[in-house]
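Welcome, and please load the model in your viewer. We will go from one selection to the next, with a short note on what to look for at each stop.

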Amino acid sequence: MRFVILLLGALAAGSPAAAQSWKEYNYPDDFFSVLLPAAPKIETTTYQVADGRSARARVYSVNQDGALLKVTVAELADTGLDESAVIDHAIGTLAKDSDVKVNIPHRIDQVYGRQLSLTGADGSRSTVALFDYKGRLYVIEGKARSGGGDATIDAMRFQQSLTFTGGDSNRSRDMIRAIRQGCPEVANPAGLDDPRCHERRN
């Protein structure tokens with residue numbers, strides 16, 4: 001819960017003038033929208049989704065003012081890989097040159113995934129979310145190279161702005177019901193300290 005409070009506090013303290021220059025960019029073919037300070041560079045590449053296995057991917061990125069803001073969308077259809085394997089491999093890839101400080105459940109509407117906070121060996125700080133949705137792996141990463149100030153705020157603002165536009169969930173109704181019943185905040189506000197409740201609700 002402490003991470004969520006710090007995150008919201010940092011976003012609230014951000015420069016209003018800088019925030020006003022950001023706009024929403026929509027990518028219906030990849031079922032997402034995101035806030036960015038400039039039009040992103042879009043590249044087609046490959047992304048390693050498992051040891052020795054790569055998938056076609058698209059990278060949407062903006063690199064400015066000490067912050068790298070990036071969404072990677074990798075095609076998982078026909079790979080035969082399950083969600084946990086793909087997410088775990090992505091976390092391992094991110095952690096190769098970084099120290100994972102936070103790794104908690106995350107949710108955008110009814111799309112479930114993981115949220116990470118990492119510190120790089122080079123002093124950079126990253127906030128990352130990962131989702132397996134509609135046959136795609138989404139890795140949204142905001143990295144502050146300067147280690148503070150507006151770059152850190154921009155990285156967090158970007159990562160928290162992701163919205164899925166497909167209107168579906170990556171969980172069954174029964175699974176969603178079980179998740180909600182298992183979250184103690186429903187009956188007890190103190191349950192906010194439970195990691196299952198560290199989810200973004202749009």
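Start with the residues that line the largest pocket of this predicted model. By class, the lining has eight nonpolar, eight polar and six charged residues. The pocket holds about 370 Å³ of space, and 22 residues line it. To find the middle, select Lys-70, Thr-93, Leu-94, Glu-141 and Lys-143, the lining residues that lie nearest the pocket's centre. Now colour by secondary structure: the elements that each give two or more residues to this lining are β3 (41–50), β5 (67–75), α3 (83–94), β7 (111–120), β8 (125–133) and β9 (136–144).

Next, select α3, one of those contributors. This helix has twelve residues, and its first and last C-alpha atoms are 17 Å apart, close to the 16 Å expected at 1.5 Å a residue. Which residues of α3 are buried? They are Val-86, Ile-87, His-89, Ala-90, Ile-91 and Leu-94. As you look along the helix, keep in mind that an α-helix has 3.6 residues a turn, so residues three or four places apart point the same way. Show the surroundings as well, and you will see that the buried residues of α3 pack against β3, β6 (98–108), β7, β8 and β9. Leu-94 deserves a second look: this residue is buried in α3 and is also among those nearest the centre of the largest pocket.

From here, move to strand β8 and pick Ser-126. Is Ser-126 buried or exposed? With a relative accessible area of 8%, Ser-126 is buried, because the cut-off for that class is under 20%. Show its contacts, leaving aside neighbours within four places in sequence, and you should find Leu-116, Ser-117, Leu-118, Glu-141, Gly-142 and Lys-143. Two of these, Glu-141 and Lys-143, you have already met near the centre of the pocket.

Now go to strand β6 and select Val-102. Val-102 counts as buried, at 17% relative accessibility. Put a distance label from its C-alpha to that of Thr-127: the two residues are 25 apart in sequence and 9.1 Å apart in space.

The next stop is the helix α4 (149–160). Like the earlier helix, α4 has twelve residues, and it reaches 17 Å from first C-alpha to last, close to the 16 Å expected at 1.5 Å a residue. Ten of its twelve residues are buried, so α4 is largely enclosed by the rest of the structure. Select the buried set to see this: Ala-151, Thr-152, Ile-153, Asp-154, Ala-155, Met-156, Arg-157, Phe-158, Gln-159 and Gln-160.

Step past the end of α4 to Ser-161, in the loop that leads to β10 (163–164). Ser-161 is buried too, at 11% relative accessibility. What lies 2.8 Å from a polar atom of its side chain? The backbone oxygen of Phe-158 does.

Finish with two loop residues and their backbone angles. Asp-65 sits in the loop between β4 (53–64) and β5, and its phi is near 50°, a positive value in a residue other than glycine. Asp-65 counts as exposed, at 62% relative accessibility. Asp-109 is in the loop between β6 and β7, where its phi, near 55°, is positive as well. Asp-109 is partly exposed, with a relative accessible area of 32%.

Notes. Residues are numbered from 1 along each chain as its sequence is written. This is a predicted model: local features need pLDDT of at least 70, side-chain atom pairs count only at pLDDT 80 or more; totals for chains, interfaces and linings use all residues. Side-chain values use heavy atoms; hydrogens and water are left out. Helices (H or I, at least four residues) and strands (E, at least two) are DSSP runs, numbered from the N terminus. Buried means under 20% relative accessible area, exposed over 50%, partly exposed in between (1.4 Å probe, protein chains only). A polar contact is a pair of N or O atoms within 3.5 Å; within protein, one must be able to donate a hydrogen and the other to accept it, and residues adjacent in sequence count only if both atoms are side-chain atoms. On a 1 Å grid over the protein atoms alone, a cavity is a set of points where a 1.4 Å probe fits but cannot get out, and a pocket is an open set with protein on both sides within 12 Å along at least five of seven lines; lining residues have an atom within 4 Å of a point. Grid points are joined across faces, edges and corners, and a volume is the space filled by probe spheres set on the points. Ala, Val, Leu, Ile, Met, Phe, Trp, Tyr, Cys and Pro count as nonpolar, Asp, Glu, Lys and Arg as charged, and the others, Gly among them, as polar. Contact means heavy atoms within 4.5 Å. The expected span of a helix is 1.5 Å times one less than its number of residues.
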